[in-house]
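Work through the exercises below with the sequence and the structure open beside you. Each task is followed by a solution that goes step by step.

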Amino acid sequence: MMSGGHAELPVAARVRAFEERVIAAGLTTDAELEEILAGVYSSASPVNGARMVARAWTDPAYRDRLLADGNAAAAELGFADGARGYLLKVVENTAGVHNVIVCTLCSCYPTSLLGPSPSWYKSFAYRSRVVREPRAVLAEFGLELPEDTEIRVWDANSETRYLVLPRPPGNAAGLDEDALAAQVSRNGLIGTAAR
């Protein structure tokens with residue numbers, strides 16, 4: 001416990017205390033904060049991230065841009081507002097590498113691209129265990145990876161958020177973007193599912 005700090009408070013209480021300080025300083029109002037949150041949540045959906053993935057699977061130039069600059073690639077598809085304020089890094093699954101996302105400190109997460117975060121993502125158990133034993137945690141999600149697959153765990157924070165670019169399905173060449181996006185789940189975008 002930190003003396004004079006907030007380490008003992010849950011994240012929600014610390015956030016509210018911060019909001020109160022910002023409001024007291026005259027930088028914003030409760031109503032303005034509510035309006036911002038309503039705007040983000042009204043369009044926040046894993047469909048947004050799935051659309052980015054489907055485009056990457058069908059357009060190699062977009063895939064390259066997505067991996068080089070996630071924020072710019074999000075903006076290309078109209079998701080610039082939701083990815084503002086942090087660096088969006090996209091990490092690609094390959095035949096030999098599987099990526100999984102966590103925020104060990106709290107629950108930093110690209111909400112506009114993945115929708116509201118699932119309760120398990122915020123849980124202490126997930127946040128601590130996926131770093132120490134990622135293969136076991138993924139198996140609990142039903143994702144059994146070959147032993148020779150390297151698992152990379154990416155720790156999000158307030159400055160950098162991550163999105164996983166899953167491997168495309170075997171039948172990707174015969175499907176349009178809408179059909180491909182329908183095959184991408186929120187868990188696939190976090191890395192706790194193959195797709």
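**Exercise 1.** In this predicted model, determine how many residues of strand 4 are buried, and say what this implies about the surroundings of the strand.

*Solution.* Begin with the extent of the strand, which covers residues 160-165. A residue counts as buried when its relative accessible area is under 20%. By this cut-off 6 of the 6 residues of strand 4 are buried, so the strand is largely enclosed by the rest of the structure. Next, consider the two faces, remembering that side chains in a regular strand alternate between the two faces of the sheet. Thr 160, Tyr 162 and Val 164 lie on one side, while Arg 161, Leu 163 and Leu 165 lie on the other, and both of these sets are buried.

**Exercise 2.** Find the sense in which strand 1 and strand 4 pair, and the residue that stands opposite Leu 165.

*Solution.* Strand 1, made up of residues 87-92, pairs with strand 4 in the parallel sense, and the pairing runs over 6 bridges. At Leu 165 in strand 4, the residue standing opposite is Glu 92.

**Exercise 3.** Describe the largest nonpolar core, and then follow the contacts of Met 52.

*Solution.* The core holds 45 residues, and Met 52, Leu 88, Tyr 121, Tyr 126, Leu 163 and Ile 190 are those with the most contacts inside it. Helix 3, residues 46-58, supplies the largest share of this core, with 6 residues. If neighbours within four places in sequence are left aside, the residues in contact with Met 52 include Tyr 62, Leu 66, Phe 79, Leu 88 and Leu 113.

**Exercise 4.** Decide whether Ile 190 is buried or exposed, and identify residues that it touches.

*Solution.* Ile 190 belongs to helix 11, which spans residues 186-190. Its relative accessibility is 1%, and therefore Ile 190 counts as buried. Beyond its neighbours within four places in sequence, Ile 190 is in contact with residues including Asn 99, Leu 114, Trp 120, Tyr 126 and Val 164. For Leu 114, which is 76 residues away from Ile 190 along the chain, the C-alpha atoms of the pair are separated by 8.5 Å.

**Exercise 5.** List the buried residues of helix 8 and name elements that cover them.

*Solution.* Within helix 8, residues 124-132, the buried residues are Tyr 126, Arg 127, Ser 128 and Val 130. Their cover includes strand 2, helix 7, helix 9, strand 3 and helix 11.

Definitions and conventions: Residues numbered from 1 in each chain as written. Predicted model: local features only at pLDDT ≥ 70, side-chain atom pairs only at ≥ 80, totals over all residues. Heavy atoms only, no water. Buried < 20%, exposed > 50% of the residue type's maximum accessible area, 1.4 Å probe, protein only. Helix = DSSP H or I, 4+ residues; strand = E, 2+ residues; numbered from the N terminus. Pairing = 2+ DSSP bridges. Core = buried A, V, L, I, M, F, W, Y, C linked by side-chain atoms within 4.5 Å. Contact = heavy atoms within 4.5 Å.
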